[in-house]
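Trainee: Could you take me through one part of this model closely, step by step? I'd like to see how it sits among its neighbours.

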Amino acid sequence: MSPKKPRRVLKLVLTLLTVGIVILGIRAWQVVAPVLGWSIPSFDTEAPLLPPNLEDAPLAVLHFSRTAGFRHEEAIPAATASLEAIARRNGWALYSTENGAVFNAADLARFDVIFGNNITGPNWDEAQKSAFIEWVEDGGGFVGVHGAAGTRYRYWDWYTDTLLGGARFIGHPVSPHLSDARVVVENPQHITVAHFGPSFRHEDEWYSFEASARAAGSHVLATLDEATYTPGEDLAMGADHPIIWIACPGSGRSFYSALGHTAATYARPDHERMLEEAIRWAADRDAPCP
Ligand SMILES: [Zn+2]
């Protein structure tokens, strides 16, 4: 054996090790960066061509399910099916897109409600954000479910604090991930939750927030009874754990429900009814807010 051979082997091993570490590093970056908000956001620049007959329907919904962060692969199609059933029943126009460039004044003006189906940000560039704010605060309606508030890093204060009325998400239990818990209806007079009765049981991935949405001026429709599941020490909010609420951004109306991680949520007729009433309420410019 020549004396050079072990050195060559050592060199080869070191090269392979270096390549392995670089590949692992890239993979780790791809996983960690979006969670920490380090990814370089990319925005849509060309608006889709909208159908010509939106104005013929009694109500037009812009269904937006773009995800720049975590994507709810199970919930998004389930919510879509529920929305389609609602729209069909009522003869509403439902336009579904994941193109953020639809957020421009001319296109938004053609809709009564924007439905945020588990959207995770950042989804909008500065001009699109301005169009969104102006449309809502000028009297538009927004309905958001579950992941719409589930972005751990906050990329847009108006969205979190004003549109979603203080939905500063801090996390959800991981073990067990899903729990059955009791949701207490706090405002049985509100059309969106009246049909649930005083309370109902539901299995979900339960979100916790930095503070009660009440602190941000939101009007709580339902809270989560923490005695009926285990949020864990870091995620416990105590006696006031809002889970469904409404906010009144400017002259607009906004409804948010943290329910909906699972497809089963959207198969519940009472949940579908809540979404239907929420869309109807948000679309009604004469509806009182709260
Ligand atoms: Zn979820």
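**A close look at helix 2**

Mentor: Happy to! Let's begin where two helices meet: the axes of helix 2 and helix 7 cross at roughly 60° and come within 10 Å. Keep in mind as we go that this is a predicted model. Angles from 35 to 65 degrees count as oblique, so helix 2 and helix 7 are oblique to each other. The crossing is right-handed. On the helix 2 side, the contact is made by Ser-82, Ala-85 and Ile-86, while helix 7 brings Glu-272, Leu-275, Glu-276 and Ile-279.

Now follow helix 2 itself. It runs over residues 75–90, 16 residues in total. From first C-alpha to last it reaches 23 Å, close to the 22 Å expected at 1.5 Å a residue.

Which residues of helix 2 are buried? They are Ala-75, Ile-76, Ala-79, Ser-82, Leu-83, Ile-86 and Ala-87. These buried residues cover an arc of only 135° around the axis, which puts them on the same side of helix 2. Here is a handy rule for that pattern: an α-helix has 3.6 residues a turn, so residues three or four places apart point the same way.

What does this buried side pack against? Its partners are strand 1 (60–64), strand 2 (93–97), strand 3 (113–117), strand 4 (141–145), helix 6 (263–267) and helix 7 (269–283). Turn to the face pointing away from the buried side, and you find the exposed residues Arg-88 and Arg-89.

Finally, look just past the end: helix 2 is followed by Gly-91, which has a positive phi, near 70°.

Key:
Residues numbered from 1 in each chain as written. Predicted model: local features only at pLDDT ≥ 70, side-chain atom pairs only at ≥ 80, totals over all residues. Helix = DSSP H or I, 4+ residues; strand = E, 2+ residues; numbered from the N terminus. Expected span 1.5 Å × (residues − 1). Buried ≥ 20, exposed ≤ 12 C-beta atoms within 10 Å, placed from the backbone. Arc of directions from axis to C-beta. Contact = placed C-beta atoms within 7 Å. Axes fitted to C-alpha atoms, helices over the stretch in contact; angles between N-to-C directions. Parallel < 35°, antiparallel > 145°, perpendicular 65-115°, else oblique. Left-handed = near helix turned anticlockwise from the far one by under 90°.
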